[in-house]
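Here are my notes on the charged pairs and the nonpolar core of this model, set out as numbered points for you to check against the coordinates.

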Amino acid sequence: MSNEAKALEGIRKASGTEQGEYSIDGFVSHHIDELPSTYWEKHLNTETPSSEQVIGL
């Protein structure tokens, strides 16, 4: 497994946990709030992406 894959796995595991509350969950929430719905529609085919979709992007 590559370092990138290991890091992404760690990020996904932290999402939705107390640890993730002040890291990845805050990051995702901020970007969902700040980027226009047209951005999400273009890249993810939805105006309201899930955390997992944003992390995957």
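The points below begin with the basis of the values and then take up the salt bridges and the core.

1. This is a predicted model, in which local features need pLDDT of at least 70 and side-chain atom pairs count only at pLDDT 80 or more, while totals for chains, interfaces and linings use all residues. Residues are numbered from 1 along each chain as its sequence is written, and side-chain values use heavy atoms, with hydrogens and water left out.

2. Counting as a salt bridge a side-chain nitrogen of Lys or Arg within 4 Å of a carboxyl oxygen of Asp or Glu, the model has 2 salt bridges.

3. One of them joins the side chains of E9 and K13 at 3.2 Å, N to O, and both residues belong to helix α1 (residues 3-14; helices are DSSP runs of H or I, at least four residues, numbered from the N terminus), where they sit 4 residues apart, about one turn of the helix. With buried meaning under 20% relative accessible area, exposed over 50% and partly exposed in between (1.4 Å probe, protein chains only), E9 is partly exposed at 34%, whereas K13 is exposed at 60%.

4. The side chains of E52 and R12 also form a salt bridge, at 2.5 Å, N to O. Because E52 lies in helix α5 (residues 51-56) and R12 in helix α1, this pair ties together parts that are 40 residues apart in sequence. E52 is partly exposed at 41%, and R12 is partly exposed at 34%.

5. The largest nonpolar core (buried Ala, Val, Leu, Ile, Met, Phe, Trp, Tyr and Cys residues joined through side-chain atoms within 4.5 Å) has 7 residues, namely A14, I24, V28, W40, L44, V54 and I55. At least two residues of this core come from each of α3 (24-34), α4 (37-44) and α5.
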